[in-house]
Amino acid sequence: MHGPILILGACGQIGTELTLALRERFGNNRVIASDIREGSEPLMASGPFELLDATQYEAIEKMLVKYKIEEAYLMAAMLSAKAEKFPDRAWHLNINSLLNLLNLAKDKKVKKIFWPSSIAVFGPKTPKDRTPQTTIMDPTTVYGISKQTGERWCAYYFEKHGVDIRSLRYPGLISWRTPPGGGTTDYAIDIFHSALRHRKYTCFLKEDTKLPMMYMDDAIRATIGIMECEPRKIRERSSYNIAAMSFTPAELAQNIKGHIPDFKIKYKPDFRQAIADSWPNSIDDSRAREDWGWQYRYDLKKTTGEMLGNLRS
Ligand code: NAD
């Protein structure tokens, strides 16, 4: 039987789906959701929930003891666009929550940790196409700097203290169950809601801004996949590149028009354009494929169909 699991930041865009997926796999009572706020009805109704601040070391420690937790997934963070508005709060949350868990794992209070990094670790001098696993990283956002620092801490705690930390550099994630939390790729979710409701959308990025993206089901499969992998296969203890599709707002709009022919898009770039311009167009994930068999399932066409179908119903 799988040991108890704790999710921190469980009520957000990814945490909600991850909690539901883990509960289905390992049993509702073995997956403890926690956050500083309550979550959606399916999340709250399906298993245990605790109010828990991921920046509070002792509170996390108590929770690990209370439920005899073996694995923890840290999903609490402030995302790219929001972090530019609140740099100090973003740094405090993103770094201290991670250091708390790394230190608890170092002291053997939890056996295995998952922490997500992001394509935001890359910057303007990074090669933009098929960005390699190991390359120049010069992030220009508070969020990107916090993720790059986090990656170095992960590698350090693995090397120095043998902490079993596993991490993925998520691209922009597209999902319908829970609203996104203030990232630069949020347009690729907003556009579906707006297309169904108003038949039009004003995009905050330019039409030719190509970014790496992934459908949530693939991201959850990757997350559970890397956590279930034998430790010796995980050769990257900073974070793995993972990829699925890359597209521009214009290409996404074209796909939506295939379902909603009178859909219209306008472009009104804001401060998020500069963030998007500093990120890669596409990602080389061959290392994740080689090491633990990663392979995406959802391309742009399939994602568009899933999003519209699920939001409609
Ligand atoms: P989100 O903003 O939707 O959810 C974050 C959750 O953390 C929220 O429910 C929030 O209430 C909670 N939280 C905030 N402060 C907290 C605290 N002090 N203690 C406990 N919980 C707290 O974010 P998300 O999209 O679900 O992202 C989860 C992780 O994945 C983050 O590390 C993020 O950087 C990373 N990521 C997300 C994407 C994406 O496209 N969504 C892409 C790359 C990386």
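These are my notes on the ligand site, the pockets and the cavity of this structure, which is a predicted model.

**Entry 1: the ligand shell**

I started with the ligand and asked which residues come nearest to it. The shell around the ligand has 26 residues, and Q13, D35, D53, A54 and Y143 come nearest. Then I sorted the shell by class and got 15 nonpolar, seven polar and four charged residues. For the secondary structure, I noted the elements that each supply at least two shell residues: α1 (13-26), β6 (117-118), α6 (142-161) and β9 (172-174).

**Entry 2: polar contacts and cover**

Next I looked up distances to oxygen atoms of the ligand. For Y143, a polar side-chain atom lies 2.5 Å from a ligand oxygen. So much for a residue I had already listed among those that come nearest. R37 also uses its side chain, with an N or O atom 2.8 Å from an oxygen atom of the ligand. In G12 the partner is a polar backbone atom, 3.1 Å from a ligand oxygen. I then checked how much of the ligand the protein covers: on its own the ligand has 830 Å² of accessible area, and 91% of that is covered.

**Entry 3: the largest pocket**

Where does the ligand sit? I find it in the largest pocket. I put down about 1,000 Å³ for the space in this pocket. Its lining runs to 45 residues, and M75, A76, A77, M78 and L79 are the ones nearest the pocket centre. I went through the elements too: α1, α4 (80-85), α5 (87-106), β6, α6 and β9 give two or more residues each to this lining. By class I have 21 nonpolar, 17 polar and seven charged residues in the lining of the largest pocket.

**Entry 4: the second largest pocket**

I moved on to the second largest pocket, with a volume of about 230 Å³. I wrote out its lining in full: E17, L20, A21, E24, W176, R177, Y215, D217, I220, E306 and N310. Which element gives the most to this lining? That is α1, with four residues. Besides α1, the helices α8 (216-228) and α12 (300-312) each supply at least two lining residues. The class split here is five nonpolar, one polar and five charged. I also note that α1 turns up in the ligand shell and in the lining of the largest pocket.

**Entry 5: the cavity**

Last, I asked how many cavities of 30 Å³ or more there are. The count comes to one. I have about 30 Å³ as the volume of the largest cavity. Its lining is made of A77, N94, I95, W115, S146 and K147, with α5 and α6 as the elements that give two or more residues. I split the cavity lining into three nonpolar, two polar and one charged residue. I had met A77 before, among the residues nearest the centre of the largest pocket, and here A77 lines the cavity as well. Likewise α6, noted here for the cavity, supplies at least two residues of the shell around the ligand.

Definitions and conventions. Residues are numbered from 1 along each chain as its sequence is written. This is a predicted model: local features need pLDDT of at least 70, side-chain atom pairs count only at pLDDT 80 or more; totals for chains, interfaces and linings use all residues. Side-chain values use heavy atoms; hydrogens and water are left out. A residue is near a molecule or strand if one of its heavy atoms lies within 4 Å of it. A polar contact is a pair of N or O atoms within 3.5 Å; within protein, one must be able to donate a hydrogen and the other to accept it, and residues adjacent in sequence count only if both atoms are side-chain atoms. Accessible areas come from the Shrake-Rupley method with a 1.4 Å probe; for residues, only the protein chains shown count as cover. On a 1 Å grid over the protein atoms alone, a cavity is a set of points where a 1.4 Å probe fits but cannot get out, and a pocket is an open set with protein on both sides within 12 Å along at least five of seven lines; lining residues have an atom within 4 Å of a point. A molecule sits in a cavity or pocket if more than half of its atoms lie within 2 Å of its grid points. Ala, Val, Leu, Ile, Met, Phe, Trp, Tyr, Cys and Pro count as nonpolar, Asp, Glu, Lys and Arg as charged, and the others, Gly among them, as polar. Grid points are joined across faces, edges and corners, and a volume is the space filled by probe spheres set on the points.
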